[in-house]
Amino acid sequence: MNSDISDDESDNLTSVERQRPSAVHLFAKKIPNSTNYQCNLCPNSKVISCGVGTNANIRRHLASQHGLTQLKSKSHPERHTLQIDSMRKRLYDSAAIAAIIMDGRPFGDFKKKGMAGFLSTVTPGYYGPHEKPVQRALKRMYTKSVLELQKQLKNIQWVSITTDLWRRPKKNHYLCVTIHFVDQNHNFTSKVLSFQRFHGRHFATRVRVHLSRVIKRFGLQSKIVATVTDNGSDIRSATQLRKVFGVRLYCVAHALNLVVKKGLGLWTTTNKTRQTTSDSNKSSKKSANDSDDVAIAQEEEEEEEDDDEKMDVTDDDDDYEENVEEQMESQRIVRNSDVNNSASSNTHQQAIESDDEDTVESPRDETDIISSEDETDEETEDLLNPNFDIEIIGRILSKCRKFVNVVNKSSILYEMLQAMARPNIRVDLVVDMEIRWSSTYKMISHLLAYQPILPNFYRNLSKTNGVSAKKQTQLINLQMSNEEWTILSTLSECLSYFAEATEMLSASKYPSFGFTYVVLDSLQHYLNKNSSSDMELVIKNAIKEKFDHYMNYKANSEEHKMLLICAYLDPTAHQLMTDEDKRAAKQFLHVELKKMGNTDVNSNVDISSSFTSDSSMQVVPLPTTTTASAFDRLKQFRRKCGIIDDPSDIVGHKDLSFRQEFANFEAYKKDDFSFSTFWRKYGSSLPKLNTMACRYGTIPGTSVPSESLFSIAGYVARKTRSSLSAKNLKYTMFLKDKM
């Protein structure tokens, strides 16, 4: 009979039998007034020390030394009689620690019951490392890896870095730095240079001091070609010094996300709220876009002013207390920064507003962005008119987000929709996030996949038990009209180009800055291409306005020069460059080689260039095949954007008006080579250009190397490992790519 009364409070009490004496007392005698036991089976009556209230040690002694296994406690691990030698144990421990680092496992993972049972089966006599030795090994391995990396970088002439800030769920901030270089075998190499907790407010001056300290620690002074970051106000200002950080480049993937977000007003409500809050006490004389840019920048400054933490950057291996001399040097660098260098390098950067992504915190769950239950329903209105307005997109996307949230938050609705979708539809409904690249395209494309079954979903809605009338009304008000589905379909098609471009640029295996030339050139051709639909034309024009604002590098700027040089020296991008841009790249290379004293060339090449493709190029249908090579994927993307390349130009030709090395370089066939394989084969016969390739080939196109580390760090420092210290997190993240 069920009862809410516990056994010890029941009226029907039963007597408790006295426990029988432990069998241990048959073989050992407990010493009075002590927790020790005297073994009766040992010749010398050995005394075994036990803890208070336990006899586990004497039981273990009797079981292991005298074969009384029936006395062994269940908590005692099953130990095989076979003991492995110390050399094998060290080998196994090293492999176990490597697995812990690479997989982000808890330090005591190999001591857990399941893993211990597995080890006792496959390797009898080996029990895995304890968490304390693992922590000690981490520091030894970290110190060794730092010294090895310092030694390796001594022989590297040119490097580039990426950097960004990340906030751990425990509210601690970490500053990440990654390094990229071309080694002696022309392999593009990326490594974590620093991943340290950052105490206090991340002002640009303090971030700059920390980055300068990391650069000095690894001997990278005067070696940095470029620094790639997002456009957060602190990181952007901290990395402007050309002599220290090289040319500061804005992450192309961030820029493309900003182009789409701002051009189409994907988050109209959020932006209007920010603008109202920021500009309430100001006169509005600028355009809507300018007001929005100012509002975002002001919000970032307000966020920094509200942060009241300590004032230091932590590194557990060295003394990182800033002495008076270092502080004075930092202030001197700030005051005496080269105005001319900053002006030339910031021409493009100052036109780009600060990223919204640095000021918006990621929600814990994709379905937690909008609380649909608390919102009042609005009357359904006709969003369309004969003249398509770009602002309609923001309102339609708001309906999409509400619909997805209502369905995903209700187990009844979710299971009902999934039952209709499977097995033909294998994707789930997801909500986009403002800071997640291409997430709006993913939300729309998934919703379009469900379009055929939604009429049946609405027909069965009133027949479903457990769905309230209020929720039914809410879903009916969120039902899409045919015109709205048409808008979503057209929008999805336009966004697919930018989603694919972002995916290619975010690939960790081919992150060349020259790779971005072809992607941007293809996107601009798509935006300039005529459209059969007026709706598509309006969408493309809205995106193009922001694309021209964010992505077009000013001619002769440092960013423009680097983009053309990197594309020219990259065999994949070189074949897809226009002749005009090739001439400009060669002119820039002549200047650079002359500065280095490697050539004496008098060239009168026109250095003007453009991303705009020839309007006479033939538009071809979308390809139906996909390949794995970078070159073929780029050509496929260009055909999708409406560009067809002349095969005769791809093979290459000699231009005898330039020096022989340039002519030889252009004559070599490149479509069968990656950057590494091409320069590994021909580098010795092209010594001058090989030097430039090793220099400009270090530049990544995006800050994805840093961004991806944050995803890894979020998993390593997950909720179940909340006790992981900042020091051990730093060790783990530094060692992860060096195992």
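The largest cavity in this predicted model encloses about 180 Å³ of space, where a cavity is a set of points on a 1 Å grid over the protein atoms alone at which a 1.4 Å probe fits but cannot get out, and a volume is the space filled by probe spheres set on the points, which are joined across faces, edges and corners. Among the 18 residues that line this cavity, those closest to its centre are Asn257, Val260, Trp437, Ser438 and Ser439, a lining residue being one with an atom within 4 Å of a point. Two or more lining residues come from each of α8 (252-264), α15 (439-449) and α18 (482-505), helices being DSSP runs of H or I of at least four residues and strands runs of E of at least two, numbered from the N terminus. In total, five cavities of 30 Å³ or more were counted.

Thr162 lies in strand β4 (residues 159-167) and counts as buried because its relative accessibility is 0%, the limit for buried being under 20% relative accessible area (1.4 Å probe, protein chains only). The side chain of Thr162 forms polar contacts with the side chains of Thr178, at 2.3 Å, and Ser706, at 2.7 Å; such a contact is a pair of N or O atoms within 3.5 Å, of which, within protein, one must be able to donate a hydrogen and the other to accept it.

Residues are numbered from 1 along each chain as its sequence is written. Local features need pLDDT of at least 70 and side-chain atom pairs pLDDT 80 or more, whereas totals for chains, interfaces and linings use all residues, and side-chain values use heavy atoms, with hydrogens and water left out.

Technical notes: 1 Å grid on protein atoms, 1.4 Å probe; cavity = no way out; pocket = protein on both sides within 12 Å on 5 of 7 lines; lining within 4 Å. Buried < 20%, exposed > 50% of the residue type's maximum accessible area, 1.4 Å probe, protein only.
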